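User: I am new to this structure. Please show it, and then explain the terms as we go.

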Amino acid sequence: MVERHHAGESPTAALPREPAARAAPEPDRPVARDGHPGSPSRRNGQKLLSLGLLTLAVLFVISLFVGVGDLSVRTLLAGTWDAETMRLMLVSRIPRSAAAVLAGASLAVAGLLMQMLSSNRFVEPSTVGTTEAAALGMVVITIFAPDASILAKMLFAASFALLGTLLFLVLIRRLRSKSSLLVPLVGLILAGIIESTAYFVAYRNDLLQSLGAWSRGDFSMILQGRYELLWIGLALAAIALFAADRFTLAGLGRDISVTLGIAYERIVALGLVIVSLIAALTVVTVGEIPFVGLVVPNLVTMAMGDNGRRIVPVVAICGAGLVLACDIIGRLVRFPYEISVGAIMGVAGSLLFLILLSRGRPARG
Amino acid sequence: MIEAAALTKLYGKARVVDEASLTLASPGVTAIIGPNGAGKSTLLSMIARLLPIDGGRALIDGLDVTRTRGDELAKRISILKQENGLMARLTARDLIGFGRFPHSKGRLTPTDYEKIEEALTFLDLLPFADRFLDEMSGGQRQRAFVAMVLAQDTRAILLDEPLNNLDMRHAVAMMRLMRRAADELGKIVVVVLHDINFACAYADRIIAMQGGRIVVDGPVEEVVSEETIEAVFGLPVMVRDVEGQRTCLFRA
């Protein structure tokens with residue numbers, strides 16, 4: 001467990017580069033033209049969507065008022081709201097909450113895409129090598145170009161993530177056995193190999209501490225100016241929504257996609273790029289957060305089915321809510337110390353996943 | 001119009017499909033029969049551009065399948081394979097709606113909704129329209145996929161063992177449906193069948209394959225004879241006309 005003071009609220013915290021804070025992201029609306037108006041999955045969808053939005057808004061407000069710094073609803077009511085409180089809000093609390101929302105939403109969508117691309121429900125970027133490859137990429141670029149801009153480093157890490165994911169897809173296409181449990185196992189093995197490589201290289205180059213930060217999700221270091229890359233993740237999730245029909249068809253398999261005139265290889269490539277960029281973005285800014293991409297899409301597809309156009313927005317909102325909730329819990333459990341969101345999510349996510357498995361959720365079908 | 005000229009598929013040195021040629025120009029039901037491993041599915045897959053072609057060529061309405069854009073071909077030919085829907089927690093109505101993808105690109109028009117309802121009705125699926133595929137019986141699921149193919153509304157329809165998972169009643173209904181699709185809608189239907197008697201009862205033409213080659217191609221009466229079937233399947237059989245229906249039985 002990581003114990004750390006709330007970095008963003010120490011008096012020496014860096015001053016913001018951008019003055020304006022942003023509000024919570026506008027989630028994508030479901031597309032109204034789709035589906036039969038009276039179908040149950042559609043009604044479910046709208047109910048879940050509004051419920052999810054409401055919960056997310058509540059969580060966001062709670063998140064704004066949880067922390068070590070002197071900023072609570074009481075200060076708000078007592079009228080002791082001064083410039084310092086405002087600064088705390090803008091520099092630390094809002095960026096941190098926004099980062100959790102953005103990371104959660106994009107990671108959950110990345111998980112859903114990964115599942116559609118491999119036609120298997122038990123995979124996500126951090127269990128097939130994508131995230132690990134991104135971390136390896138960060139190690140490598142830090143060795144060779146330590147002064148590169150954060151954007152350049154992120155793109156370099158994304159290209160590693162792309163290669164790692166491609167390797168996974170090639171491996172599972174070559175599997176003779178169609179056993180649906182073999183697919184996630186192959187992913188775990190590949191992820192393990194890439195991760196050990198990253199640790200070896202990092203160890204040899206005295207970068208273990210940095211690698212630790214990339215592979216352990218943690219929002220306590222998030223300040224204004226240090227998380228904005230994550231907005232790209234939201235844009236990528238919007239692209240996923242735009243191409244949702246094609247991704248859904250890709251999930252049905254190559255044969256059906258080709259028959260319906262989809263350029264299957266191209267849609268897989270698009271999905272790979274989106275997943276890899278999201279993995280790299282989160283690794284660079286907050287570090288790896290496990291299970292979001294696994295648990296959220298599974299829960300949502302159980303309730304609402306696999307029609308991407310309907311579920312992408314819900315998956316994004318639920319992912320945001322789950323990560324935000326885990327971060328709030330991490331801040332409260334050992335107050336005034338913190339437990340990193342990665343650790344909380346590891347516990348919450350594995351519990352949720354075990355429940356899913358025990359309910360007989362098949363990897364396919 | 002489907003034209004295949006000397007289509008060949010190699011797996012290593014094995015010629016899984018060996019210079020198979022056929023032309024299907026007019027509406028009708030054509031059944032492909034043959035023992036397991038004869039290359040029936042592989043032949044269909046090559047014609048429908050699901051598998052790369054190692055020799056020869058396949059044309060749909062004169063368009064080479066290896067060179068024509070996928071979305072153009074999708075308006076002309078559809079194929080349903082045996083295994084479908086790895087991630088298929090979709091409602092039947094949604095799935096059938098995806099059959100309209102080549103025409104609508106996802107923006108369903110009133111015409112698309114009509115075609116979806118038609119396909120649902122055609123396959124007796126209205127009571128299950130909003131049920132998830134993974135909560136249906138094997139037969140209902142199979143019919144939903146066939147309905148998707150019908151909704152795609154292409155002139156040429158290839159079906160790889162569509163009677164799998166269907167009981168006798170639904171198998172007969174499915175074959176009657178193929179018949180209606182050919183007779184009423186002018187479709188060119190090609191079905192891979194394991195049961196020769198279904199082929200006899202509903203097909204206009206039968207193509208028999210063995211060891212990757214097309215060995216016989218002709219009308220039912222010509223293909224289904226004791227000599228031919230015994231040669232193709234390597235099994236002694238009896239062929240009789242029962243109340244005017246050509247029937248093939250294995251000898252116990």
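**Two chains and their salt bridges**

Analyst: Chain A and chain B bury about 3000 Å² between them, 60% of it on carbon and sulfur atoms. Buried area is the accessible area (1.4 Å probe) that two parts lose on being put together, summed over both. This is a predicted model, where local features need pLDDT of at least 70, side-chain atom pairs count only at pLDDT 80 or more, and totals for chains, interfaces and linings use all residues. Residues are numbered from 1 along each chain as its sequence is written, chains are lettered from A and ligands numbered from 1 in the order in which they are written, and side-chain values use heavy atoms, with hydrogens and water left out.

User: How many residues of chain A are in contact with chain B?

Analyst: 39 residues of chain A are in contact with 34 residues of chain B. Contact means heavy atoms within 4.5 Å.

User: What makes B:D94 and A:R310 a salt bridge?

Analyst: The rule asks for a side-chain nitrogen of Lys or Arg within 4 Å of a carboxyl oxygen of Asp or Glu. The N to O distance between B:D94 and A:R310 is 2.9 Å, so the pair meets the rule. Across the interface of chain A and chain B, the rule finds 1 salt bridge. The whole structure holds 29 over all chains.

User: Why is A:D327 with A:R331 called a salt bridge, and are the two residues buried or exposed?

Analyst: Their closest N and O atoms are 3.0 Å apart, and the cut-off is 4 Å, so the name applies. A:D327 is buried, and so is A:R331. Buried means under 20% relative accessible area, exposed over 50%, partly exposed in between (1.4 Å probe, protein chains only). Both residues lie in helix 14 of chain A, 4 residues apart, about one turn of the helix. Helices (H or I, at least four residues) and strands (E, at least two) are DSSP runs, numbered from the N terminus. A:R96, A:D327, A:R331 and A:E338 are linked in a network of salt bridges.

User: Why is B:D71 called buried or exposed, and what about B:K105?

Analyst: B:D71 has 17% relative accessibility, which is under 20%, so B:D71 counts as buried. B:K105 has 36%, between the two limits, so B:K105 counts as partly exposed. These two residues form a salt bridge, the closest N and O atoms being 3.7 Å apart. B:K105 lies in the loop between helix 4 (101-104) and helix 5 (110-122) of chain B and B:D71 in helix 2 of chain B, so the pair ties together parts that are 34 residues apart in sequence.

User: What makes B:R76 and B:D61 partly exposed?

Analyst: B:R76 has a relative accessible area of 26%. B:D61 stands at 33%. Both values fall between 20% and 50%, so both residues count as partly exposed. B:R76 also forms a salt bridge with B:D61, the closest N and O atoms being 2.9 Å apart.

User: Into which domains is chain B divided?

Analyst: Chain B has domain 1 (2-76 + 155-250) and domain 2 (85-153). The bounds come from an automatic or database domain assignment. The C-alpha centres of domain 1 and domain 2 of chain B lie 24 Å apart. Between them, these domains bury about 1400 Å², 66% of it on carbon and sulfur atoms. B:A74, B:K75 and B:L177 supply 30% of the area that domain 1 of chain B buries against domain 2 of chain B, more than any other three residues.
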